[in-house]
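I opened a new notebook page for this one. I'll jot down what I looked up, in the order I got to it.

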Amino acid sequence: MSTTASPTGLADPDELDLGLPVSYLADGHSVRSWLLTTDHKRIAILYAVTITVFFFIGGAAATLVRLELATPEADVLRADTYNKLFTLHGVVMVWFFLIPSIPNTLGNFLVPLMIGARDVAFPKLNLVSWYLNLGGGLLAVAALILGGVDTGWTFYVPYSTVFSNTWVSLTVLGVFTTGFSSIATGVNFIGTIHLLRAPGMTWFRLPLFVWAMYTTSLMFVLATPVLAVTLLLVLAERTFGLPIFDPARGGDPILFQHLFWFYSHPAVYIMVLPAMGVVSELITCFARRKVFGYTFMVYALVAIAVIGFFTWGHHMFTSGMSPYAALVFSFLSFIVAVPSAIKVFNWTGTLYRGQVGFESPMLYALGFVGLFTLGGLTGLFLASIPVDVHVQDTYFVVAHFHYIMVGASVSAYFGGLHFWWPKITGRTYPETWARFAAILMFFGFNLTFFPQFIAGYLGMPRRYHVYPPEFQIWNVLSSAGAAVLAVAYLMPLGYLTWSLLFGERATNNPWDASGLEWRTTSPPPRQNFFGSPRIQGGPYNYHPEGVAPVHDQPRLPSRGSLT
Amino acid sequence: MSGADIPARLREGRTDLEARLREGRTDLEARLRQGRTDLEARLREPWSDLETDDATAFARQRAGAALGIWIFLASEVLFFGALFLTYTAARLANQEAFAAAGRETNIVYGTLNTAILLTSSLTIAVASQAAEKGLFRRLTLGCLAATAVLGLAFLVVKGFEYREDIEKHLVPGAHFALTQAPAQIFFAFYWLVTVVHAIHLGIGIALVTRLAIKGWRDPDFLAENPQVEVTALYWHLVDLVWVFLYPMLYLPGRSG
């Protein structure tokens, strides 16, 4: 320990003469130093670049789909092209954007920083994981270039195994490959969180974001292999004509749905648990209050992760299931709402009597809470069997899962990206633009997807490119919203890129946040910290005893980064 | 030979022995010191930066490797578990056809392979324990080599079996030999599961061979190296999967 030890046990970089690059970004500038890096922070950046590309590929497909649906006729696209576009949108967004988004970018960057470690437990595996993710994505994009897929992102059999004449095998292979990446990331995070916590960082002192990553990793490890088997069976059936799912030869297509949803329902929680972790960090920071009911927040995360595994059957209420099984799955789907509600309650409890600041990350976080609540409540509609039978395969379902997966998950991703942007890049972004984009995104999102609830409830089916004219009003609203949303998603791309080149140097802790990741320079050095972190108290210590609330002090920039 | 010489020679022998013991002790101490420097060299990022002494850090690194492989194996268990569950569902629906199809598999090859694989489990376990103690380099190397050879033997036997299966038209498709349609589902599982298992075994053989070659070239490589334990755990899983596959694929319809 050096003599400059602070209460957390970290040395002051200003007082050290290290003779080393102080930022991980300055630690080598060649292409090789990026593509062969084992630094978790650089790998996070690699992931960020890939998923941004996939996000805009998937977004472009969605824009075309909404354009086609603006009128009831088939004006823009043929049925075949339409099928390929919505499949592309689903495949890219779910498998190559949403699932890796928060865990692999923010998680990779922040988990070691937040627990006071130098790196993840298996740095090389971390890099391999990125290459697998990239490889899988490239296979799927290759399938797109060669002619596309028309099965929908769920690859339902027997259509995908027997009938479809498109590039199903290549796409499935891509998704299969990406699964390895998920498992590797899960193994890495679990190992890191178990074994590399700094002295004093006990389990119940972990930030909620780390808890969210831990539970997500458990789901990665336990759910992904089942998806792998399912995809392997589809591949085998397509390639070698095996009869496992083909009903004409004695196979069972419902078996596919059981296996597929055993992964893909937990996958929804893989997308939303990290978002919850991000939002917990944002709300506590901008409300200047300790998270209300920290331990319950932890238990709720674990409960969602566990119960999330027992709800897959609600995707099959209309596929032919015994009524008793349907009843059990309905009951369990209701139960999973309880921990989710606990979380929403605790977020609002944290906001209550907080000194709330409305910086852009907070706007995204508040947007998350609203959209997640609405998405979650409509989930209860779908968990009750009679309503589900009524709205099965309509736009009601489409709206519901977009509220959870886009409204909640993507909002949180953008919120987290803005919040940690100064830490990751060492630059500040233009706050006014960011607030405008956050508000625009919230309105654009609601304008896009709320009308779909109504259209769906009135009976508009999903996956059709033509529809009866009485639904046009809702679709026009929705398409207009999609245009707003597209602008709101493009804006951060613009001003964040601008900030990389022209943004001001960020201070080490621009938000006056309490986490360990703010106790190092912006951007952090290769070894993450100067000195060795020692943790002496719980997280979110915004009101240490005898210290005035932070909002009484001006939030002045203290020190610039040392890039 | 005079009687007076004997005590002198005994004394001489004792001094000699003591000198050799002393020498041995210094040698041992040197090796221990050497081992400590080796320990530093064997520490990797981020374990090398832990705020503990090298021995504890190395123990943590070993524990990390073990934890990592166990988590990975848990995911592998789910992978095969889902396959087994699918098989169970299909078999419950088509019991008769599965029994008829099960009688067509070659139980001689199957049993032989079970014996081969279980023996390989013994050799890899010995290799792992010997490497952990860090003292039995030749034993470790020999056991690793034996494991790789047994693994290859399994694949060779499996290859003979596959050739026979193809000759008997047991591949699902147009010229399938059995009349009952669901028998094709049984053989779909047979091919899928055994091929996936063979791929896993192939990876295992590659890993074991890599360890053997590295250990042969670098005398210190295998001693206390967590990679041996990790590879052994993986090998045991592949083995264990076969223990389930054998009754699943070779025993239906043969009970009487």
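**Entry 1: a spot in helix 2 of chain B**

I started with B:Ala90, which sits in helix 2 of chain B. One thing to keep in mind from here on: this is a predicted model. I checked how covered the residue is, and B:Ala90 comes out buried, because its relative accessible area is 10% and the cut-off for buried is under 20%.

What does B:Ala90 touch, once residues up to four places away in sequence are left out? I found B:Phe98, B:Ile185 and B:Phe189. The link to B:Phe189 caught my eye: the two residues are 99 apart along the chain, yet I get 9.6 Å between their C-alpha atoms.

Then I moved along the helix to B:Thr86, also placed in helix 2, which covers residues 54–93. B:Thr86 is buried, with a relative accessible area of 1%. Its contacts, leaving out neighbours within four places in sequence, are A:Leu233, A:Leu255, A:Leu259 and B:Phe189. I noted that B:Phe189 is on this list and on the one for B:Ala90. Three leucines of chain A are on the list for B:Thr86 too, and that sent me on to both chains as wholes.

**Entry 2: chain B as a whole**

I went through the elements of chain B and got seven helices and zero strands. Is chain B spread out or compact, going by its radius of gyration? The radius is 26 Å, well over the 18 Å that the globule rule gives for 256 residues, so I wrote it down as more spread out than a compact globule. The box around its C-alpha atoms, taken along the principal axes, is roughly 95 × 60 × 30 Å.

Next came burial: 44% of the 256 residues of chain B count as buried. For contacts between residues at least 6 apart in sequence, I noted that 76% join residues at least 24 apart. The exposed surface of chain B is about 13,500 Å², with 63% of it from carbon and sulfur atoms. On charges, I have 25 positive and 27 negative side chains, and the centres of the two sets are 4 Å apart.

**Entry 3: chain A as a whole**

I ran through the list again for chain A. Here I have 16 helices and zero strands. The radius of gyration is 24 Å, close to the 24 Å from the globule rule for 563 residues, so chain A is as compact as a globular protein of that length. Its C-alpha trace spans about 75 × 50 × 45 Å along the principal axes.

Of the 563 residues, 61% count as buried. Among contacts with a separation of 6 or more, 83% are between residues 24 or more positions apart. Chain A exposes about 20,600 Å², and carbon and sulfur supply 69% of that. I put down 28 positive and 26 negative side chains, with the centres of the two sets 7 Å apart.

**Entry 4: what the record says**

I looked up UniProt for both chains. Its unreviewed entry for chain A puts "domain: Cytochrome oxidase subunit I profile" at residues 34–536. In the model that span is 71% helix and 0% strand, with its end C-alpha atoms 35 Å apart.

For chain B, an unreviewed UniProt entry gives "domain: Heme-copper oxidase subunit III family profile" at residues 64–254. I get 82% helix and 0% strand there, and 45 Å between the end C-alpha atoms.

UniProt also lists "transmembrane region" for stretches of chain B, including 67–87 and 107–127 (unreviewed entry). Residues 67–87 are 100% helix, with end C-alpha atoms 30 Å apart. Residues 107–127 are 100% helix as well, and their ends are 30 Å apart.

**Entry 5: backbone oddities**

Most peptide bonds are trans, and most residues other than glycine have a negative phi. I went looking for exceptions.

- The bond from B:Glu45 to B:Pro46 is cis, with omega near -10 degrees; B:Pro46 is in the loop between helix 1 and helix 2 of chain B.
- The bond from A:Ser522 to A:Pro523 is cis, with omega near -10 degrees; A:Pro523 lies in the segment after helix 16 of chain A.
- A:Asp512 has a positive phi of about 55 degrees, sits in the segment after helix 16 and is partly exposed at 29% relative accessibility.
- A:Tyr540 has a positive phi of about 60 degrees and lies in the segment after helix 16, but is buried at 4%.

Technical notes:
Residues numbered from 1 in each chain as written. Chains lettered and ligands numbered in written order. Predicted model: local features only at pLDDT ≥ 70, side-chain atom pairs only at ≥ 80, totals over all residues. Heavy atoms only, no water. Helix = DSSP H or I, 4+ residues; strand = E, 2+ residues; numbered from the N terminus. Rg over C-alpha atoms; globule rule 2.2 N^0.38 Å. Buried < 20%, exposed > 50% of the residue type's maximum accessible area, 1.4 Å probe, protein only. Contact = heavy atoms within 4.5 Å. Areas by Shrake-Rupley, 256 points an atom, 1.4 Å probe, with all protein chains shown as cover. Lys, Arg positive; Asp, Glu negative; His and termini not counted. Charge placed at Lys NZ, Arg CZ, Asp CG, Glu CD. UniProt positions renumbered as here; feature names shortened; annotations may be inferred.
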